[in-house]
Structures are given as C-alpha cells and as structure tokens.
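Biologist: I should like to learn how such a structure is read. May we go through it step by step?

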2 protein chains.
Amino acid sequence: MDELKVAPRPTGVGEMFQLLRDGQPRTRSDLASLTGQARSTIAARVDALLGSGLVSPAGEATSTGGRPPATFAFNPAARVVLAVDLGATHSRLAVTDLAGTVLAEQGEQIAIADGPRPVLDRVADLGLELLAQARRDPRDLVSVGVGLPGPVEHSTGRPINPPIMPGWDDADVPGLLTYRLGVPVLVDNDVNIMAVGEHAAAWRSVDHLLFVKVATGIGAGIISDGAIRRGAQGAAGDLGHVAVPGGSDLPCRCGNTGCLEAVAAGPAIAAALSARGLAAHDSADVVALVRSGDPAAGREVRDAGRHIGEVLAACVSMLNPSTIVVGGIVAEAGEQLLAGIREVVYRRSLPLATQHLRIVTSRTGARAGVLGAATMAAEHVLSAAAVDALVS
Amino acid sequence: MDELKVAPRPTGVGEMFQLLRDGQPRTRSDLASLTGQARSTIAARVDALLGSGLVSPAGEATSTGGRPPATFAFNPAARVVLAVDLGATHSRLAVTDLAGTVLAEQGEQIAIADGPRPVLDRVADLGLELLAQARRDPRDLVSVGVGLPGPVEHSTGRPINPPIMPGWDDADVPGLLTYRLGVPVLVDNDVNIMAVGEHAAAWRSVDHLLFVKVATGIGAGIISDGAIRRGAQGAAGDLGHVAVPGGSDLPCRCGNTGCLEAVAAGPAIAAALSARGLAAHDSADVVALVRSGDPAAGREVRDAGRHIGEVLAACVSMLNPSTIVVGGIVAEAGEQLLAGIREVVYRRSLPLATQHLRIVTSRTGARAGVLGAATMAAEHVLSAAAVDALVS
C-alpha cells in the first residue's frame, strides 16, 4: 500500500475539481483515468469536494455489469457571490450562484462623489439584504466582484487617479468591503467587467472580442485568447483619449486635443445638438432624440460612430477580434451609431481582419457589468488554489 | 496495491514533465508531494522521462539521514529544433537545443519570389547540413519553426494573400517541410516570431511587450500576459495600414491613403531623401546616411519616428505594455528613430500608461526571428500532450 505513505496534499483537490467544472457528471473511475491518480487518492478528494458542497451526487452511470457506479458533478448553487457595478450616479448589485445565475438583484441611485466609505457601506448593507432575499446564509458568500467607473490597479483593487470619483484615489476598496463581508474582493474598472459579463453571458465561444462602451466616456475591454487582458497597469482599453485620425482640434478634459472622447462621447454629441437649439444635456437626451426620429440627432450619432470607427479600425488592425460589441447608454440609440462605426471600420481595415468580423450591440445591455462582476468573483474562488483553501 | 489497477495514462507523464521545465533538480519525493500521486506512479513516469532523455540525472539531494535520494532535471540538449527565418531576399537558419541555445547557424541570400517548393527544398537541405555541423543525428530533430514575411494562418501554417511572396498564397508550408524532415512544422509571420524571440531572449520577466518592426513594412507582435496574441485570423499587430492621426493623404499600396507604412516605412523615408537629391534607394541606404551623420537623413528618420509614435500612442492606450521594443533594419538608424517615437508617445498617451513605459531598440537585432522560430518550435514539443506522445 505504497500510496498510503503519500499524504494527499490539499493542492490536488482543487486541480481535480477543475476537471469537473464543465458540469459533466463523472465517476471515480473516470477521474482516476483522467488524472492517473490512485483510486484511494481519488476517493479522498471526491469526499472532500462532496463535503464542501462544490460537488454533488449526480446519479448513477450506466454499468457494464455489477452495481452501477455513482457519478458526481459541479454544483454551482453550493456558494454565492456578490456582484457590484458602481457608476457615477447609479449602482446595480446582484447575488448570483457560482455559474453567474442571478438569485437577487437591485439597482439604485447613488453619488459616487460621496466617497468610498459611505458608498461601500451602503454596498455592504444592500449586499446583505440581497443575500436575505435570496434566502442564502451570509456564510455561503465566498467573494465579491466590484466594477468602478475609473482606472483600477487590478492587483490591489485600488482606484488610480479616477477623474470622476473624488475621494477615491488609492482607496482600499477590497479592505473596506472585506471588513464588512469577510470574503475576498476583486475590483476592476467598469468597462473590463462589462466585457467579461458580455463574453460570459453571450459570446463564450468567441476567443477574440472587443467590448466598447460609449457613454459619458469611451473605453474598451479586450478579450484575447478567451481572457480579459488588462495590460501592465490595468490601463488597457483606454480608447477615450486616442487621437482621432483626420479628427478635429477640439480640446479634451485630459489636456490634449482631438481625443475620441472630445468628439464622439455622449456629452460631445449632446453639445453639438444643443448648439443646433435642441434640448440635449446628456447621453440620455441624445438617445431619446434619436429614438423620437429626430434627423439631426440621428446624423450626429452616426457622425460620432464614424469617429469611433476611425479608432476602432486601428484596434481591428492591432488586435484582429472576430466580434466587436458596442455597449453603454449611447449604444441604445441603435443602428445609427453602428452604421457609422461599420462604415469606417470596414473601409479602413485590411480585408483579412474584417472578412469574418461582426459588429453588434450588447446583448446583456445594462446588466453587462453586474454579470461580469459575478463572473470575476466566481472565477476567483473556483481556481485550483482557492478550492484547495476552501476544502482544507 | 490499489494503484496497480490504475494503468498510468500517458497524459500524466507530460504533465509531470511541466514541473521539471524550470530546470530545477527534483527528487521522486519532491514530485510525489507536488502532484499528490502514488510513488509507484511517479517512479514509472520518471523512468519514462529518463528513457526519452528529456530528463536526466542531476546528482544527489542532501539527505537528512540514510542514502541521499537521486535528483532529476530537464535536459534541453536531449533534442534539437530547426529555426527558419525567411525574408524577401535573405534567410537565416539555426539548429538549437530545446532551450533555444544555438548549435549551428547560417544566413544566405534567397529569392522568396522563386516560390515555396525551391525555397523550402533549400531550407530542408540547409537544415540537414546544419544538423550535421552541430553533430546531431537527424532523428534528434523534433520540430521546425518558420517565420514568413507575410500574413500566415497560424492554425494551418499557410500564407494568406502575402503581398511580397508571389506563388505562396495558401501554400502548404508545413506539409512541404514535414515531407522532407518528418517532424511537425510551426509557421508564423516574421514579426510575431521576432516578438517571441526578443521576449524569450531578453525580456522573459516582462508580461506585456510590444515588438515593432520598422523595415520595408511596419508591423507589431503583441506579447500580453506573457504570450503572443495572434487574434482571430492571426492578423493581429498589422500596424502598417493604420491611418496616421493628423497624417497625410499619401497613397498606400493597399489602396487607402495616409497609412503608417506610406509615410514612415523604409521606402517612404528613402523616397523623401531621394527627392532631396540624396542617394537613398532602400532602408539600408537610409541607415547608412543617418550613421554617416547626414542631418537631412537624421531629420527624416526622426519625423518617421513621430508618425510611428502617433500610432504607437494609440497602441499604448489600448494595450498598456510596459516595454516597447523597436526592431527591423530602420531601427539600426538608432536614437533618431527612438527620439521621434518617444516624443509623441509620451505626449499623446495618458500618464497611467506611460509612467513605467520603456521604449528601447531590439537587443537580439537580426537574430530576433530565428530565436523566436526556435522558441515556437521548442514550446510545441514540450507541451504536456507532446511529451506524452514522445515517450509513449
């Protein structure tokens, strides 16, 4: 009984769990043959996973004779995560299971400018309310995912000089929420979590996807080879201050001129419409005017789409995505924006990069962020190392 | 003896080998405790790897009493790969070990326009000569890596409408070379293999690197989260036909106007110098003029650097690399090109993305491609699945 001398290290449990994450029921034999590990090791690990609830019995396999063997499968309902999508004036929270299925959800008005402590205290309170609504014990909560409307250093979860979040620079967002909720907290910028949410919910089989948010600002989240790419400081996808080719010399709030945001974001379109005497103060007004059929608003949005298309053409040449998803409130204006984007992207990019490229509006809409925060939080606790810690 | 019923599946050998790839010597006990596998399984797998030569004895570990246990380590000299870097008029081939150490190397003039069969026949002949020079048996060759000067569908290894490779469109490059050499052949475009080579040889600890080649064309290879990112059709990094912000309406060979290549590649600089009456027909002439101290050539190269900087500023905002490496023949002009690039990138990108950004010239120079082809070929045969196949 050589193998009894080898104490099964906790690391092995998490790795074996990865084989079960696809949700397919498997027998102990299946797992032994997939891993090459001794049956006694497999049996101990299956027991540990059953004990944690992450894996549950899934009936009996068909047998070639004798007693049919029991099967086991990943049980996403075993634990829950809290997903938090914070904007400048609005929040959306959800409690989901480990597969991102929403169990309870609520949006409300907030003022991000109140600063981290009051905003995050309210997040924790509402999170606990949502857990109660979902009839889940607070001890079932394993992690929190948070999206913020500004640059975030992903490794520490701290905002870095966020322009529209006064008082939040370098705030210990994970520390403040962990203190209240007692679990790990993952933080990213809003556009990255929207990209992750849209990808997980609607485009899981697409490996190269660019998610573009057009709202008060313009930004992108990059999915490449199936995963979000944040770059060296977590600043990847910052399209808003790229110079528009053949663009204007309009001043931008960043200090440069001709930035994409200065010519094509919601406020720029609203300003152009106001100058024509239309009542357009923000992105929502722009969307309402376009939907009401106002031709000037339609033209301005299409023009904004063309400017965005100029920058996206460079992104297409650079990243060669197969899918560009356009989200954010201005995308709710619909086809006018997409028509402008498509016109320029297909003209300005090389045929090899555009022949299979689709450019579409977001399928998850206003839920993209909260779905992405849930995915980020769940991924964190389902890694091999995290499962080892959970069952040990 | 429960574990005897479990036939150790070949898959386990390759996975165990991954633990040894860092080159550190380990004992059977180390491996048992890292994997949680039974000692008898470990012993069988170590024997299989010793038999293949991929792992070799590495002396004895220090002992706490009793006979000191034997250690084993990855042996990169066990096999060799052939690395092939093909340009329009020049080839460079090398035989390297599995760590990319060059054992024999040769460059020569070629004409890529002769078409795939004569060019690849010569590659195979020269590859066999280099194996002999390195005193390695042809049976030690396990794979070939090839870089081509045009777009390549990486999954099939076939060129796709390559503009400067007449006769090569959709050519079965892997098939032709495998027929001669009997091993798997990996193909990618020249800029991607240069990025891989520069990263492997000089920047292994950098996770986000952009390699920019400035020569007859302009292109980039993207290293993100430590790996090359090719995009959906393998077309990522195609900077040459991005419109230069504030650029000219110079016609480009692609049919558009104002492309980066049309204003800043070697031929464009040479044309601008010719128009001033200087003897500059190609990139090499431009480099020679700059090196001779010609002030007009210096100014033109710096201007080209500024145009490249306009496009790289967008790439920095988009990808947030920590390192940009500039290679290709025009980079041999030195600081003038880099000064132009730096001037615009640091002015046009946001502080978060540039505060830790370095912009440097290639350390591997003309060897970047061949080193990258070797790395690509070696990675392919050292994956878990490939090692399983090798030892089974």
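Modeller: We shall take the symmetry and then the aromatic rings. This is a predicted model, in which local features need pLDDT of at least 70 and side-chain atom pairs count only at pLDDT 80 or more, while totals for chains, interfaces and linings use all residues. Residues are numbered from 1 along each chain as its sequence is written, chains are lettered from A and ligands numbered from 1 in the order in which they are written, and side-chain values use heavy atoms, without hydrogens and water.

Biologist: By what turn can chain A be laid on chain B?

Modeller: Copies are superposed by least squares on the C-alpha atoms of residues with pLDDT of at least 70 in both. Here a turn of 180° with a shift of 0.0 Å along the axis lays chain A on chain B, with an RMSD of 0.0 Å. That is the relation of a two-fold axis.

Biologist: How is a pair of aromatic rings described?

Modeller: One gives the distance of the centres and the angle of the planes. Rings of Phe, Tyr and Trp (its six-membered ring) pair if their centres lie within 6.5 Å; planes under 30 degrees apart count as stacked, over 60 as edge-to-face and the rest as tilted. This rule gives two aromatic pairs over all chains. A:Phe17 and A:Phe74 are edge-to-face, 5.4 Å centre to centre with 80° between the planes. In chain B, the ring centres of B:Phe17 and B:Phe74 are 5.4 Å apart and their planes stand at 85°, so this pair is edge-to-face.

Biologist: Are A:Phe17 and A:Phe74 buried or exposed?

Modeller: Both A:Phe17 and A:Phe74 are buried (under 20% relative accessible area, with exposed over 50% and partly exposed in between; 1.4 Å probe, protein chains only).
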